[in-house]
Amino acid sequence: MPETSIAPPPVPATRPAKPVSEALLNEKWDRCLSSLLIRSSLGLSFGVVFSVLLFKRRAWPAWVGLGFGAGRAYEECNGSFLRTGREGVRIQRP
């Protein structure tokens, strides 16, 4: 049998790794967006339930619940972005 040389498969080009700070920022944004989605939908669902049970199917309890959920998610995200990695450091707002 004749010897045939098979070329090795090409090595895929490696992308440069993201800096650690960018990866941490991406994780925080992912956590914030998922928190916003979960808390807003929970607030909306509680608002719909209260609207059906107590408020004769009016729309405002659902909107209030949605607002409370989104506001809670915003505060949690704001706190995570303002927090430094060091314990015992107090951040003063201007």
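## Helix and the annotated segment

Helices here are DSSP runs of H or I with at least four residues, and strands are runs of E with at least two, numbered from the N terminus. In this predicted model, the chain over residues 36-55 is 90% helix and 0% strand, and the C-alpha atoms at the two ends of that stretch lie 26 Å apart. An unreviewed UniProt entry places the feature "transmembrane region" at these positions, residues 36-55, and such an annotation may be inferred rather than shown by experiment.

## A salt bridge between two helices

Searching the whole structure turns up one salt bridge, in which the side chain of Arg 39 meets that of Glu 76 at 2.7 Å, taken from N to O. This pair joins distant parts of the chain, since Arg 39 belongs to helix α1 (residues 20-53) and Glu 76 to helix α2 (residues 60-82), with the two positions 37 residues apart in numbering. Side chains of opposite charge can pair when their charged atoms come close.

Neither partner falls in the buried class, for which the relative accessible area must be under 20%: Arg 39 has a relative accessibility of 30% and counts as partly exposed, while Glu 76, at 34%, is also partly exposed.

## The loop between α1 and α2

Arg 57 sits in the loop that lies between α1 and α2. The phi angle of Arg 57 is near 60°, which is a positive value in a residue other than glycine. With a relative accessible area of 68%, Arg 57 is classed as exposed, because that class begins over 50%.

Terms used: Residues numbered from 1 in each chain as written. Predicted model: local features only at pLDDT ≥ 70, side-chain atom pairs only at ≥ 80, totals over all residues. Heavy atoms only, no water. Salt bridge = Lys/Arg side-chain N within 4 Å of Asp/Glu carboxyl O. Buried < 20%, exposed > 50% of the residue type's maximum accessible area, 1.4 Å probe, protein only.
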